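Notebook open, coffee poured. I wanted to go through the charge pairs and then some helix packing.

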Amino acid sequence: MIGKQFNISHFTAGFTAVLVGYTSSVVIIIQAATNAGATPAQIESWLLTLGISMGITSIGYSWFYKMPILMAWSTPGAAMLVGVVGQYQLNTAIGAFIVSGLLILITGLITPLSKALERIPPQLGAAMLGAILLPFCLEEFKTLTNTPWIFISMFISFLLAKRYIPKYAMLVLLVVGVVCTIVTGNSEIRSTKLSIAQPVWITPQFDVSPILNLSIPLYIITMMSQNLPGLAMMKSYQYRSPVKPILIGTGLANIMSAPFGGFSINLAAISSAICMTQEVDSDKTQRYRAVLWAGLFYIIAGTFATTVVAIFLSLPQEITKNLAGFALLGTLLMCLQTSFKKERYKESALLTFLITLSGVSFLGIGATLWGLLVGLIHLKITKTE
């Protein structure tokens, strides 16, 4: 399956893509699952399901189309869930994940819907995402008050890693976080053993409020921050991506995996470039083999999700806040730059940003959706030819 012959560049690119994507955001996935009311066994099921689903879809698409089509989970989507999913029962959240997957499936089937989504100005989408991510980045600095030595250790490590080994900055931070945990006398992390995760079925329930405030925002965020940038990334490397099959397939994957915790399976955006460069293979038709390896590593990571969850749940809250905050700094910067770069969109983007950040709820609709709606209305009213 992996190829006729072993190529070390394919292997290292696939491993690096998964390592970078996984270590930079797994803590946010665990936070989202925890806030949803999931038990440790259910959190393991989330990561197991996501790992298996991302692995199978990455391998399947890349092998069939002979292109580097890398899948991922939606980190911004998970960040959105952290803030709002606690308002709902776990079963209704699972139902909302299914509806989000259904919307992605429909987008693949109905071309005008995907075209309409593409017409949402990226400035407003970025403003919405920026408001979702900002609280995470602020929380990390608050840890300076209670545990200054932990924050300073991680902050200095982050700066040095970004300077010398930027791709592995989050891995370095994770190692430093584990060391700090051990130094503080936490014995749980020392007793962590390698074990295999088990899937846990959660019966979905469907309710209007979580569909409005979880399904629709998750769908929009996944499309605008993952699928559309992922397609653009492939195009920039001269790959003609099979758009409809990808959306239909990932929509179905989301629907089937949701009862086990698969909240979002979508195209990778930034990390996918690791498998597309000249360094992976001078022959661009062979670079898909790097994604075959990445898919295998996804499956391995998912299989041993029990160990991953045990490690992260044993970390002090201050360390997990630091990990989440540092992981999202780059994405937050990108969102702010995109939101306020063009003059004609600045005020609309600002309204979207502030309303989303406020956390207000009105008529049963949450701040995330209101922020985007008000921004679009403002842009329409103030737009000049």
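I looked up E343 first: at 62% relative accessibility it counts as exposed (over 50%; buried is under 20%, partly exposed in between, 1.4 Å probe, protein chains only). Its partner K346 is partly exposed at 30%. The two form a salt bridge with closest N and O atoms 3.3 Å apart (side-chain nitrogen of Lys or Arg within 4 Å of a carboxyl oxygen of Asp or Glu).

Note on provenance: this is a predicted model, where local features need pLDDT of at least 70 and side-chain atom pairs 80 or more, while totals for chains, interfaces and linings use all residues. Numbering runs from 1 along each chain as its sequence is written, and side-chain values use heavy atoms, without hydrogens or water.

I got two salt bridges by that rule. The other pair is K142 with E139, at 3.2 Å. They sit three residues apart in helix α7 (residues 122-146), so about one helical turn separates them. E139 is partly exposed at 27%.

Next I checked helix α12 (residues 288-303) (helices are DSSP runs of H or I, at least four residues, numbered from the N terminus). I found 12 of its 16 residues buried, so α12 is largely enclosed by the rest of the structure. Among the buried ones are W293, F297 and Y298. The buried residues pack against α1, α3, β1 and α13 (contact: heavy atoms within 4.5 Å; strands: DSSP runs of E, at least two residues).
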